[in-house]
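Here is my note on the model you sent, set out as numbered points. Please read it with the structure open beside you.

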Amino acid sequence: MDLDGFAAPGFDPVARAFERNFDELGEIGASVAVYHEGRLVVDLAGGTDPVRGRPFTRGSLMRVASCTKGATATCVLMLAEAGVLDVDEPVARYWREFAQAGKAEITLRSVLSHQAGLPYPDPDAGLAGLDQLAGPALLRRLERQAPWWPPGTAFAYHPVTYGAILGEVVRRATGTTLGAWFAEHVAAPLGLEFWIGLPEALEDRVAPPVWAEGDDSWAGELARTPAPPAGSYAARRLAAIANLPPMDPDPDDPASLRAYHGVEMPAANGIANARSLARMYAALLGEIDGVRLLSPGTLAAATAPQTDGLPALVESGTAGLDIRFGLGYQLASPSMPGLGAASFGHTGAGGRLGLADPDLGVAFGYVCNSMRDIGSGGDPRWATLLTALARSG
C-alpha cells in the first residue's frame, strides 16, 4: 500500500511492520512516529478515514483518549518542578472544598497514581451526559463524594476523575485551565499538534473512530460482563459506567462533535497525531530543539513505581490486574508492553499509545481509527510495531 511519510535508514523494520498491520491485523487508518536520541526517525501514516471518505495522513488528528493522561501528568510534574505544586501535599491545599467527606488527606500523589478512591462519580450522583465527564457539576460532586475505599490502600484506574481533579488543582494554582496551560507551556514550545480542548477551526481534520460492532469499550464491557456480586467494587463500577455517555461523539452531528472536542477533559479528550505524541515523550527524555520538559531527577521520580504491591480493584478479564503506575504515567506491563523495563507512557482506549524508553533513548506515538477493546495483554498492533522498533536503529 502507499504510505505517507518516511522511515530513516535502519528503521525500515518499523515501516514493514506498520504495513503488515494493514494486511494482517485489520488496520483501517493509522499513523506511527518514533524519535530516537532526539531525532525523528519514523513518521508514517496509511489507510483511509472511511467516515469522511479521505486518506488517513500524518496530519490526520485523532482523539487519543487516555493518552491525554500522560500530557496532564506532564503539566502537573512541570508545575511541581517549578515549585507551584507539591505532589505530597493534599489536594485540599489547592482546592479547599475537596476536603469534604473524608478527603482532607488525599494527596496529589494519590490522584496521579490512581489511589484516591474516586474512580467515577457515584452512580446515584444525579449527573447526566457530559456533566459526568467534565465541568462544574462534576467538580461539585467530587467535592461532596466520599472515597470508595481508604485512599492509599488499593488502586483502581480513574478514567475521567483523574483529569477533573488534577485539572481543577492546576486551575486554582495557576489561574488558567490545564488545557490552556498545556497549550502555552508544552504544545507551543515544541510545536505540537496536540490540544486538550480543540479549536473549532481544526474540527475538519479530526478522523472519527470506527469501533468493531459499533460499540465502544464501555458499551462492550456492559454487554459481555455477568452481573458481579451486589455491593462489590465491580458492581459499583459497572453501575457507574452504565450512566456514562458514549465514549465518542456522533460523527454526523456537528453539535455533538463540538461538545466532545471543544470541552477540556484532561483525562480523555486530547486530540493529536502520532508525531506529536512521540515528540512530547521525546522532550521528556532530552532536549528537542532546545526544549526539555522535565529534569532527569523529576523524570526518575515520576517513573518510580507507585502501585506495585497494592491490590488492584478490578474484576478479572479486563485491563487492570497487571496495570502499573508511576506519577501519572503507566509503567511497563502486559497492558502497556513498552520496549523494556524502563518504558513509561500511557495507553488510550481503542488502541492509541504514547511512550518512551529512557534506556533506549526512544519515544513512540501511535494513533488509529480502527478501535479495539484492548483488554489485558495490550494490542497486537503495538506488539508488531514495538518488536520491529526493538530490532531497528
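The points below take up a strand and its partners, a helix, and the aromatic rings.

1. This is a predicted model, in which local features need pLDDT of at least 70 and side-chain atom pairs count only at pLDDT 80 or more, whereas totals for chains, interfaces and linings use all residues. Residues are numbered from 1 along each chain as its sequence is written, and side-chain values use heavy atoms, with hydrogens and water left out.

2. Strand β12 (strands are DSSP runs of E with at least two residues, helices runs of H or I with at least four, numbered from the N terminus) has seven of its seven residues buried, buried meaning under 20% relative accessible area with a 1.4 Å probe, protein chains only. Val362, Phe364, Tyr366 and Cys368 point one way from β12, and Ala363, Gly365 and Val367 the other.

3. β12 runs antiparallel to β2, joined by seven bridges (pairing requires at least two DSSP bridges), and Ser31 stands opposite Val367. β12 also pairs with β11 in the antiparallel sense over five bridges, with Ala356 opposite Ala363; in their hairpin, which has four residues between the strands, Gly361 takes a positive phi near 65°.

4. In helix α13 (residues 380-390), the buried residues include Trp382, Leu385, Leu386 and Leu389. Among the elements that cover the buried residues of α13, by contact (heavy atoms within 4.5 Å), are α1, β2 and β12.

5. Lys103 lies over the face of Phe98, at 5.1 Å from the ring centre (the criterion being NZ of Lys or CZ of Arg within 6 Å of the centre and within 35 degrees of the ring normal). Phe98 counts as buried, at 0% relative accessibility.

Conventions
Buried < 20%, exposed > 50% of the residue type's maximum accessible area, 1.4 Å probe, protein only.
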